[in-house]
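Let's take a walk through this structure together, going from one charged pair out to the surface and then to the chain as a whole. Keep the 3D view open as you read.

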Amino acid sequence: MATEKPVTPTEEQLEILEYNFCKVNKHPDPATLCLIAAETGLSEEQTLKWFKQRLAEWRKSEGLPSESGSVRD
């Protein structure tokens, strides 16, 4: 089973990802995630991973625990 190599998003992809994270939804549903992945050209798995990492960074910057299942942002 081949493992997916880590991909560094391009500047344009990052702009799309950041816009969706900041302006649309920090917790995209599967349909939205699929649309974002299609727009960026990344796989859904890569897009989901980016959102999870970005959410952890955001929580840390806000002084929140990096994983919190009970409180939505």
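A salt bridge here is a side-chain nitrogen of Lys or Arg within 4 Å of a carboxyl oxygen of Asp or Glu. Please bear in mind that the model you are looking at is predicted. How many salt bridges does a search of the whole structure find? The search turns up one.

The partners are Glu18 and Arg54, whose side chains meet with an N to O distance of 2.8 Å. Along the chain these two residues are 36 residues apart, so the pair links distant parts: Glu18 sits in helix H1 (residues 11-24), and Arg54 sits in helix H3 (residues 44-61). In general, side chains of opposite charge can pair when their charged atoms come close.

Are the two partners buried or exposed? Glu18 has a relative accessibility of 27%, so it counts as partly exposed. Arg54 is buried, because its relative accessible area is 17% and the cut-off for buried is under 20%.

Now turn to the surface, where Glu11, Glu12, Glu15 and Glu39 form a negative patch. Which helix gives the most to this patch? That is H1, with three residues. One member of the patch, Glu11, is found in helix H1. With a relative accessible area of 58%, Glu11 is exposed, since exposed means over 50%.

Another place to visit is the loop between helix H2 (30-40) and H3, where you will find Ser43. Ser43 has a relative accessible area of 22%, and therefore it is partly exposed. If you would like a distance to check in your viewer, try Ser43 and Leu33: their C-alpha atoms are separated by 9.6 Å, and the two residues are ten apart along the chain.

Finally, step back to the protein chain as a whole. It has three helices and zero strands, and from the N terminus on its elements run α-α-α. Of the 73 residues in the chain, 27% are buried. Among contacts with a separation of 6 or more, 54% are between residues 24 or more positions apart. As for the outside, the chain exposes about 5,500 Å², and carbon and sulfur atoms supply 54% of that area.

Note on methods:
Residues are numbered from 1 along each chain as its sequence is written. This is a predicted model: local features need pLDDT of at least 70, side-chain atom pairs count only at pLDDT 80 or more; totals for chains, interfaces and linings use all residues. Side-chain values use heavy atoms; hydrogens and water are left out. Helices (H or I, at least four residues) and strands (E, at least two) are DSSP runs, numbered from the N terminus. Buried means under 20% relative accessible area, exposed over 50%, partly exposed in between (1.4 Å probe, protein chains only). Patches are made of residues with over 30% relative accessible area and no salt bridge: like charges are joined within 9 Å, nonpolar side chains (Val, Leu, Ile, Met, Phe, Trp, Tyr) within 5 Å. Accessible areas come from the Shrake-Rupley method with a 1.4 Å probe; for residues, only the protein chains shown count as cover. Lys and Arg count as positive and Asp and Glu as negative; His and the chain ends are not counted. The place of a charge is taken as NZ of Lys, CZ of Arg, CG of Asp or CD of Glu. Contact means heavy atoms within 4.5 Å.
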